[in-house]
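Here is a walk through a model, starting with some backbone oddities and working outwards to the places where the chains meet. Keep the viewer open as you read.

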Amino acid sequence: MRPGYTLSDRAVGLLFIAPFVTAALFFMVYPIAEAVRMAFYSYNPLRPDLSAFVGLANFEFIFRDPLFWDSFRQATVWTFLSIVFQTVFGVGIALLLHQALPGIAIFRGLLLFPYIVPTVVIALIWRWIFNPEIGVVNYALQSVGLIGEPIYWLSTPSMAMASTIMLNVWKYTPFVVICVLARLQTVPLELYDAAKVDGAGIVRRFLDVTLPQLKEVLIVVIVFRTIWTFNKFEEIYLLTKGGPGTSTFNLAVYSFEQSIANLRLGVGAATGVVMMVMLSVGSIIYLRVSGFGEDEKAS
Amino acid sequence: MNSQHTRQVSRLPIDRRQVLTGMAAAGVATSTGLGSAFAQSTKTGTVRVWGEPGPYGGVAVAAMNEWAQKNAPGLKFEIESIPWDGVYVKLMTDLAAKRPPSLISVESPIAMQLMAEGLLTPVDDLVDKIGRNRLVDGVKWEYWGAWKGKQYIVPAHHQPHLLLVRMDIAKELGLKDPDTWDWNDLLNAAKTISQKKPDMAGFCMALGRNLCTDYHFAALLHSAGGRMFDAANKFEVAFDSPQTVEALTFVKELQPYMPKGAVEYSFLQVVDAHVTGRTAMSFYWGRTLGRAAEEAKPVFEATEAFNHAANPTTKRRNNWNDFQGWCIPAQNNPFIDEVRQALVYQQTNKDWLIKYCHSLMPNVAPTYKDIADAAELKEHAFYKSKPRTVDTYFRTSLAHSSSTANELLQGVNPLAGIVHGRSVLAQTVQKVVIDNMKPQDAAKWGAKELSDIRRENIRLLG
Amino acid sequence: MTRHEFWTLTRRLVSYAVLSAVTFLVCFPLVWAVSTSLKPKSEIFATPPTLVPHTVTLENYQALITGRPQYFQSGDKQVTSGTTPAQFFMRWFVNSLIVTLGSTLISITISTLAAYSLTRFRYWGRTVVPYFSLLGYMVPSIIFVFPLFLVMVQLDLTDSLLSLVLGYVCITLPFCMWLMWAFMRSIPIEIEEAALIDGASRLQVFWQVVLPTALPGIIAAAIFSMIVSWNDYLFGRVFLNSLDNLTLTVGVMLFFEGTHVDWGLLMAASVLMTVPMAILFMALQRHLVAGFGAGAVKG
């Protein structure tokens, strides 16, 4: 019989979970519920007294707005290309870092660095080094002879899209590297030895041993990164503000502009609802893929 | 600390300390007369004042602090400069957050919107104290902001944007006097310069999705005789017109002779392009000359400003004038009384008003006759070296001034602020220059955006 | 040298070469930023651009740290322009610190307590909560921003650091919850049971036995939370107004003044903003990677 177990235990248990429940209600449930509610109202932040219920009018507005669909399409392109590059580079770098070479820890540290750099900082540095007239990138490319005229990295729709993808890849490939590297370190060496005995070369070993082992973690990483990247705001806004024109708008930028620049908080919220629906679809896929429920039984 | 300033200080003919002492002494001398006319206030705190980036806001606030020293010793006026591209959005979020500044120096389109929304206090009594008949010729109090018979804005200054031309290049290539140009002459000049001077663009204006483009394009639109809204007809949208198409076509024709990056350009970059010699001509307010004088003396010496090239059909030479004014938020503002008094103090003090204009020549033009005519105003190196240019900014431009808040000076338009907040004009221009839309289609697109704005804010037109 | 040794050596050299090249490209933006920040104005725009400055000057850093006011030269006189953004840099630094530490403290406290409760006691929802948390974690911050902004308006908390602290709890709490739950689950109950049998109360067990064991997880959660809070732009942009109260990320965007951009100053600010994160990262890299292993991380 444990002294003082029954009563105080239960109390402690509930006491400990109480702060979280309160916080979750105020900081997670409420804002999301409110965001959904606002989607059905018109709301001008300057004149809150004029706010009114408008039913589905906000949704009608965005579904009829060509800019909304442009933003959607651009978000898809942006996400797809970013993920492709992040995955390819991520796996490649992870493979390189997986070797037991002296000094590999230094490389690993430096290559994981981009994650912690504030997006504002990298956006500003990007604007500086990619400045068409006085930036160092154009200077380097021109002096090596790769380009004849300066490239206007942020002035044409396609270049601006490419620049924002580059920034996104730069910043988030470390994630893929970490996850893949962690998985690589658990692959039993016997599998490689067996393959070598069978006479498999480097490429064969990669395709037949490494890749299947990575399949699971890669799927999880890709799904997660897709969910994140689709809804990113700062990486685009701070570099191009969605421009030139509106060619680098994604749904998050669209929502922001509608809310702040156009003073239509309701429309911004409706966009948010659409984003959450997309998110739910992605989450369901993730949960399926990562095997939700198996952990339940284990605990 | 002083060693950090050697670069700047060494160019001064007089010591900085002398300047500041002199300013203070002059201020005290003139203030003692009026000091007793104001009521004493015992409030304490910081009075937030917003202004454009630039020294003149600081000068105005220095004047107000002088008033505060005597009449509200617990208060300190502080200026915060807000970058132009952020003005509209920042102002709106601050107002929505119920944290407005106590005093705002802002361009007329935004002022008009705030005024129509009922967010400002009327200032007719202040106008009387400042002098109702004091305005320079050719302008009215309402240009800065009057709504339903009440004045809400006190003039701070006015700033037209003009055509800046590198006269050394013009002379070299045998171009005729820019003051006589029409749109075709401007286009040909730009073309000639671009062809004969390979490392230089012929012309530069803003084409980014921002306020600067809105303003630059609006002037062209007005010169062509077009408008966004018809003030005489309940502000119906009048944008889908041949004049709009003409203006858009003109911009498209000029584009090949502009710097490649112009589609991203805002205020900053247009000044940059001219001051660093990347363009021979540009549209801009006086700041370009101020900066050139600081950083690129040869460019400064060679550049002159002219009223715009005339539209071939209408012969109009409109510029976009900001008619910048001081406005006082009515709600959540604890310092309304003090701000009103300090404003009157600054506006009736000749020395401070002249210092205001001198702080960034020729960017801020005087609005009162006695200041514009004052001999002291001409005591400035710019006035001496470029009298014609300064005079164009200060005086002769007024005959051609227009504003999106008061199109063709035919009536105050409270929707302009919202139009600029969404960069509708800039987006229309971008549809033509980036997306290669036909000007007619772009005009239709713009007209639709404008009618959405009109419909959503019809209450403002009341 | 045998054929095998030759290939191994070649492979090693190639790996080093590729890793060096990739590391150089990845680190270049920050290296260039440091280089620019140490150059005097004349050298910043000089061609050809130099990686190592010919003249090293600390004037940019001095200007930021001492809050040197800027004087405008207009005509013959020097006039103060009033408050310029650069003068507030140190103030912003402190603000960022306050907000980051405040929200981190709150988040890890709440999540550690809650995680303990969820893994040690049985009640309905004990597995729902972590997954619910994970879902909340995936909601992009753009959806939270405006409802929370309106709450702050009603509570009259706008333009205050407290509003940011609360906002950041909103976005860091979910993942901290998930992370701590995963860690707590992996701590064997036997140690606690031994202590309980010896007569310790539940609270004592928590404080003296469980917490020290869970420390790596707590550190990982704290690091993650600090990075997210320090680097955020969106919340700061919407919640804050006056220059005094801005955080670094929002304030530094104001350096793009109307008259000219001081790239040297801007780069110096970027470097200073990244330094705390870099220190954090280097000192605690190990913990961060361990934290990532507990679940695919937000990016």
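B:Phe323 has a relative accessibility of 1%, so this residue counts as buried, the cut-off being under 20%. Bear in mind that we're looking at a predicted model. What makes B:Phe323 worth a stop is its backbone: phi is near 40 degrees, a positive value in a residue that isn't glycine. To find B:Phe323, go to the loop of chain B between strand S12 (319-320) and strand S13 (324-327). For context, most residues other than glycine have a negative phi, and most peptide bonds are trans.

B:Leu409 is another non-glycine with a positive phi, of about 55 degrees. This one sits in the loop of chain B that runs between strand S14 (401-402) and helix H20 (416-421). How accessible is B:Leu409? Its relative accessible area is 27%, so B:Leu409 is partly exposed, whereas B:Phe323 is buried.

Chain B also has a cis peptide bond, from B:Met361 to B:Pro362, with omega near -15 degrees. Look for B:Pro362 in the loop between helix H16 (350-358) and helix H17 (369-372) of chain B.

**Charged pairs in chain B**

Side chains of opposite charge can pair when their charged atoms come close. Over all chains, the count comes to 35 salt bridges. Here are some of those with both partners in chain B:

| Salt bridge | N to O distance |
|---|---|
| B:Arg132 and B:Asp128 | 2.8 Å |
| B:Asp168 and B:Arg166 | 3.1 Å |
| B:Arg395 and B:Asp373 | 3.3 Å |

The B:Arg395 and B:Asp373 pair links distant parts of the chain, with their positions 22 residues apart. B:Arg395 is in the loop between helix H19 (387-394) and S14, and B:Asp373 is in the loop between H17 and helix H18 (381-385). Both ends are partly exposed: B:Arg395 has a relative accessible area of 37%, and B:Asp373 is at 47% relative accessibility.

Now for the other pairs. B:Arg132 is partly exposed, with a relative accessible area of 37%, and its partner B:Asp128 is partly exposed too, at 48%. Is B:Arg166 buried or exposed? At 11% relative accessibility, B:Arg166 counts as buried, while B:Asp168 counts as partly exposed at 34%.

**Where chain A meets chain B**

This interface puts 24 residues of chain A in contact with 24 residues of chain B. The area buried between the two chains is about 2,000 Å², and carbon and sulfur atoms give 53% of that. Two salt bridges cross this interface. One pairs the side chains of A:Arg264 and B:Glu456, at 2.7 Å from N to O. A:Arg264 and B:Glu456 also belong to a network of salt bridges that includes B:Arg422. As for polar contacts, there are four residue pairs between chain A and chain B, with both residues at pLDDT 80 or more.

On the chain A side, helix H11 (residues 251-261) gives the largest share of the touching residues, namely three. By class, that side of chain A has 11 nonpolar, seven polar and six charged residues.

**Where chain C meets chain A**

Next, the contact between chain C and chain A. Here 95 residues come from chain C and 87 residues from chain A. Together the chains bury about 8,600 Å², with 80% of it on carbon and sulfur atoms. How many salt bridges are counted between chain C and chain A? The count is zero. Seven residue pairs are in polar contact between these chains, again with both residues at pLDDT 80 or more. Helix H1 (residues 3-37) of chain C gives the most to the chain C side, with 18 residues. The residues of that side divide into 70 nonpolar, 16 polar and nine charged.

**The cores**

The largest nonpolar core has 198 residues. Those with the most contacts inside it are A:Leu97, A:Phe256, C:Phe89, C:Phe235, C:Val238 and C:Phe255. Helix H7 (residues 161-185) of chain C provides the largest share of this core, 16 residues.

Zoom in on C:Phe235 and you'll see what it touches beyond four places away in sequence: among them C:Ser141, C:Phe144, C:Leu148, C:Gly167, C:Tyr168 and C:Leu240. Apart from the largest core lies another, of 162 residues, including B:Met92, B:Trp285, B:Val364 and B:Ala374.

Notes:
Residues numbered from 1 in each chain as written. Chains lettered and ligands numbered in written order. Heavy atoms only, no water. Contact = heavy atoms within 4.5 Å. Buried area = accessible area lost by both parts, 1.4 Å probe. Salt bridge = Lys/Arg side-chain N within 4 Å of Asp/Glu carboxyl O. Polar contact = N/O pair within 3.5 Å; in protein donor to acceptor, adjacent residues only side chain to side chain. Helix = DSSP H or I, 4+ residues; strand = E, 2+ residues; numbered from the N terminus. Nonpolar A, V, L, I, M, F, W, Y, C, P; charged D, E, K, R; others polar. Core = buried A, V, L, I, M, F, W, Y, C linked by side-chain atoms within 4.5 Å. Buried < 20%, exposed > 50% of the residue type's maximum accessible area, 1.4 Å probe, protein only.
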